[in-house]
Amino acid sequence: ADAPMIDFAHLPHPAPVPSATRDQALADPGFGSLFTDHMVTIAFDPEHGWHDAKLCPRAPIPLDPAAAVLHYAQEIFEGMKAYRWEDETVALFRPLENARRLNASARRMAMPELPEELFMESLRLLIETDRDWMPTAEGSSLYLRPFMFATEAFLGVRPAREYLYCLIASPVGSYFKSGVKPVDVWVSRDHTRAAPGGTGAAKTGGNYAASLNPLAVGVENGCQQTVFLDAIEKKWVEELSGMNLFFVFKDGSAITPPLTGTILPGITRDSLIQMLREEGLQVREEPYSIDQWHADAEKGDLVENFACGTAAVVTPIGSVNGPDGKFVIGDGGTGQLTQKLRDQLLGIQMGTAPDPHGWVVKL
Ligand code: COI
């Protein structure tokens, strides 16, 4: 059962961004460089549990230089979006799944769990307060970034005793500069992202840190994302630095790598498995090798390929590149099914398509 609700103190911003400046910024928000006026913070220590919840102006967070997060990286986060509908309804997509995943990550990283109701209340408060920051342009939304980190000043290696949960929001358009055009991916042969028994299934900053050098190698080679292979055989395709992968075949089946603990259990991934099955495709969660990927693409058996995630939604993959050369997926463009799934998912999220699963939660 959740802990008793605690009251959030409301500390409105004394000088929020003027509306003209804000509206100009919202016309073309890009991804993740623009932030709303406020944030929510909630502190944790063993004596008080979760306490001192507040909605306050977004500002730097004072941190002791010995804070455990700065040394041993006890940090977790979530990514989700709030959508503004035509009729001004504000909707979230499967937010309880994010609350649950945050707590699954917390358990792996030896951090305290946040009661789901507190998580939900933090979202409601920030979105309502910064509602004017919700972009209206097609395909844009308010990206929400809940995160938690160890604040205790202590250099011994053990789980910290003190934490801060924080929620910030960023108006966003499409994740990739190219919009929804197919992306080229780079297969990392030298580096892996996560090993069995490690933290690959937790949404923790360290996994993303580990992906940055290989991502930079991909970018140097003209790609936008890097593909990680499994750590043991260096053979099985796992995921991209911040997105899950799907493979669609000529025979009407699809594959996505299974959740064996080294892959981030994407909520978009889970939704697309269900949607593909409803489209009549046979979806298999099974290992798929880099060699098979290459062979299936060359033979024309693999007809579509896409990445998915909250940030990326559904993004087609145009080509696969690596030290051993390059292969193109289909005709290198956006596949029909990929486009259809993207439109359908955005339709559910924007309230323009039926929502048979009840995934949408109105604020
Ligand atoms: C997401 O929100 O989709 C992420 O995984 C984080 C990052 C790629 C922006």
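The following conversation introduces a predicted model of a protein chain with a ligand.

Visitor: What kind of model is this, and which residues count for local features?
Guide: This is a predicted model in which local features need pLDDT of at least 70 and side-chain atom pairs count only at pLDDT 80 or more, while totals for chains, interfaces and linings use all residues. Residues are numbered from 1 along each chain as its sequence is written.

Visitor: What pLDDT does the protein chain average?
Guide: The average is 95, and 99% of the residues score at least 70; pLDDT is the predictor's confidence in each residue, from 0 to 100. The model scores ipTM 0.93 and pTM 0.96.

Visitor: How many helices and strands are there?
Guide: The protein chain has eight helices and 18 strands. Helices (H or I, at least four residues) and strands (E, at least two) are DSSP runs, numbered from the N terminus.

Visitor: What share of the residues is buried?
Guide: Buried residues make up 41% of the 363 residues. A residue is buried if 20 or more other C-beta atoms, placed from the backbone, lie within 10 Å of its own.

Visitor: Why is strand 5 largely enclosed?
Guide: Strand 5 covers residues 80-84, and five of its five residues are buried, so the rest of the structure largely encloses it.

Visitor: Which way do its residues point?
Guide: M80, A82 and R84 point one way from strand 5, whereas K81 and Y83 point the other way. In a regular strand, side chains alternate between the two faces of the sheet.

Visitor: Which strand pairs with strand 5 over three bridges in the antiparallel sense?
Guide: Strand 7 (residues 141-150) does so, with A82 opposite L142. Strand 6 (residues 90-93) also runs antiparallel to strand 5, joined by three bridges, and there R84 stands opposite V90. Two strands pair if DSSP finds at least two bridges between them.

Visitor: What lies between strand 5 and strand 6 in the hairpin?
Guide: Five residues lie between the strands of this hairpin, in which E88 takes a positive phi near 75°.

Visitor: Changing topic, which residues are around the ligand?
Guide: They are G79, G242, G309, T310 and A311, where a residue counts if its C-beta atom, placed from the backbone, lies within 6 Å of the ligand.

Visitor: How many of that shell are polar, nonpolar or charged?
Guide: Four are polar, one is nonpolar and none is charged. Ala, Val, Leu, Ile, Met, Phe, Trp, Tyr, Cys and Pro count as nonpolar, Asp, Glu, Lys and Arg as charged, and the others, Gly among them, as polar.

Visitor: Finally, what does the C-alpha trace span?
Guide: Along its principal axes, the C-alpha trace of the protein chain spans about 60 × 50 × 40 Å.

Terms used
Buried ≥ 20, exposed ≤ 12 C-beta atoms within 10 Å, placed from the backbone.
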